[in-house]
Amino acid sequence: MRAWNRAKLLASYLRGSARVRGLPVEYIVETTAKCNLYCPMCPRETHKQPKEDMTDEIFTRLVNESGQSAEHMMLIGLGEPLLDPKIFDRIEYCERHRVSTLLSTNGTLLDDAAIDRLLSSPLAHITLSFDGSTKESFEYYRKGARFEKVRDNFVRFARRKHELRAPVQVVMQMVRMERNAGEVDEFMRLWSAVPGVDQVRIKEDETNVLDPEAGHEASDWKHPCHYLWRGPVYVKHNGDVYPCCQSYMLNGERIGNIGEQPLAEIWNAAPMQELRRMHTSGRAGEVDMCSRCCTTIPHPLLVTGSLLFHGRTVRRLIPWIERLTYFARLPRMLLKPPRKRVPPPVELVQIVETKR
C-alpha cells in the first residue's frame, strides 16, 4: 500500500499534475505549541503561540486517515515535544499504525525519567539540538537554557542509548549561524567522541527570522517544489493544515483543518492545486512564501529517489545526500540553496558518522 502510494505521488510529480493521486509520505505534526525557551532565530518569536496541546481527536483522526500511506511523522513544530504530556502515547499510536516517528528536543527536560521512556519507546529518530560549542554562543541562541545542564543531559542520553543498544537514531545537530559559525570543528570533535551519537550534523538556518532578505530568486525555480507532492505537510496543534514545512512561518494560508475536513480533500483543495500549477508553470517565484523560503530546492532526480524508498529510509539518507552534494561541490546541479546574507558561506554541511 505504501509503495503504491509513493508510485502514485511520483507519477503525479513527474507529470506536474495539480490534482495528486495518493497522500503525503511525511508529516510535521505540532503536538504542542508550548515552549520553555526564547530563541531569537525561532519563528515563534514572530508568530506568537498559545500554550496549548493538540487534542486526541485531531491527532487520532490524522493518523487514522493517513495511516495506510503515511510513513514518517515528525512530532515537532513550534513547541518543545517533551512539554506535551501525551507525547509517548502519540509515539505508540503511530507505531501501531506502522508510522515511524521523529522528535527534536532542546534537551532542557531530558531527565532520567524522560530518557528511560524515550529509549523504551518505538521512536525511530531523535535530533538533539545544541546550537554552539561554547557557553556564550549556546546561551545566546537558547535563552533560558543552561549550557552545562543541556550538554550533560545529551551526553547522558547518548551513553544510555549506547549501553542499552537502543535502535533509535541519535543525531546531534547545530544550526550554523553568525555567532557559532567558528565553532563547527569543535562541535564535531566534541560530539563525535560521545558513544551513542550516530551522526553529528551541521546545517544551515532554514528560517529567515534572522535574515529577512533570505530566500530564492525567481530564476531558482527551474523545478517545482517536491513538498507539494510528497510532503511533509505541516499540521498545527489546532488541526490547521499548511502546504509544507515552511508555509506557516512564511505567512502562507492554511489549506484546511483536519478536524473539519477529510485529509484527502485537504490535500487536493483548490489552493493546493493552484500552488502546484504555479510551480509547474515556472511561476513559483511569484508566490510570496515560496520566494522567501530558505529550504534548498532539489533536482527531480533526488525527488525521484526520495519516492523510491520508504520515508524512514529517506530520513536516514538525507545527511548522506547533503554530504555527497556539498562536499563534491555539486549543489548547483542537484540542490539549489537559497540566497543568504549571513553567515559566510563556508563548511555548509558536515556530517560525521560515529559508531553506536
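R283 is partly exposed, with a relative accessible area of 38%, and in this predicted model its side chain forms a salt bridge with E286, the closest N and O atoms being 3.1 Å apart. The partner, E286, counts as exposed at 53% relative accessibility. Another such pair is E260 with R254, where the closest N and O atoms are 4.0 Å apart. Here E260 is exposed, with a relative accessible area of 55%, while R254 is partly exposed at 38%.

The full count comes to 26 salt bridges. One of them ties together distant parts of the chain: R160 sits in helix α6 and D116 in helix α4, 44 residues apart. Their side chains meet at 3.8 Å, N to O. R160 counts as partly exposed at 33% relative accessibility, and D116 is partly exposed too, with a relative accessible area of 40%. There's also a network of salt bridges linking D56, D84, K86 and R90.

Here are three of the pairs side by side.

| Salt bridge | Closest N to O distance |
|---|---|
| R283 and E286 | 3.1 Å |
| R160 and D116 | 3.8 Å |
| E260 and R254 | 4.0 Å |

Now for helix α4 itself, which covers residues 112-120. Which of its residues are buried? They are A114, I115, L118 and L119. Looking down the axis of α4, these buried residues fall within an arc of 125 degrees, so they line one face of the helix. That spacing fits a simple rule: an α-helix has 3.6 residues a turn, so residues three or four places apart point the same way. On the other side of α4, A113 and S120 are exposed. As for what covers the buried residues, the list includes α3 (87-96), β3 (100-105), β4 (125-129) and α6 (147-164).

Two of those covering elements, β3 and β4, join α4 in a right-handed β-α-β unit. The strands β3 and β4 pair in the parallel sense over four bridges, and S104 stands opposite T127 in β4. On to β5 (residues 169-176): this strand runs parallel to β4, and five bridges join the two. In β5, Q169 is the bridge partner of H125.

So how enclosed is β4? Five of its five residues are buried, so the strand is largely enclosed by the rest of the structure. H125, T127 and S129 point one way from β4, I126 and L128 point the other way, and all are buried.

That leaves the loop between β3 and α4, which is where T108 is found. Buried or exposed? T108 is buried, with a relative accessible area of 12%. Its side chain makes a polar contact of 2.8 Å with the side chain of N36, and another of 2.7 Å with the side chain of N106. Leaving aside residues up to four places away in sequence, T108 touches N36, L37, A145, K149, V150 and N153. N36 therefore turns up both as a neighbour of T108 and as a polar partner at 2.8 Å.

Technical notes. Residues numbered from 1 in each chain as written. Predicted model: local features only at pLDDT ≥ 70, side-chain atom pairs only at ≥ 80, totals over all residues. Heavy atoms only, no water. Buried < 20%, exposed > 50% of the residue type's maximum accessible area, 1.4 Å probe, protein only. Arc of directions from axis to C-beta. Contact = heavy atoms within 4.5 Å. Polar contact = N/O pair within 3.5 Å; in protein donor to acceptor, adjacent residues only side chain to side chain. Pairing = 2+ DSSP bridges. Right-handed = clockwise from strand over helix to strand, strands pointing away.
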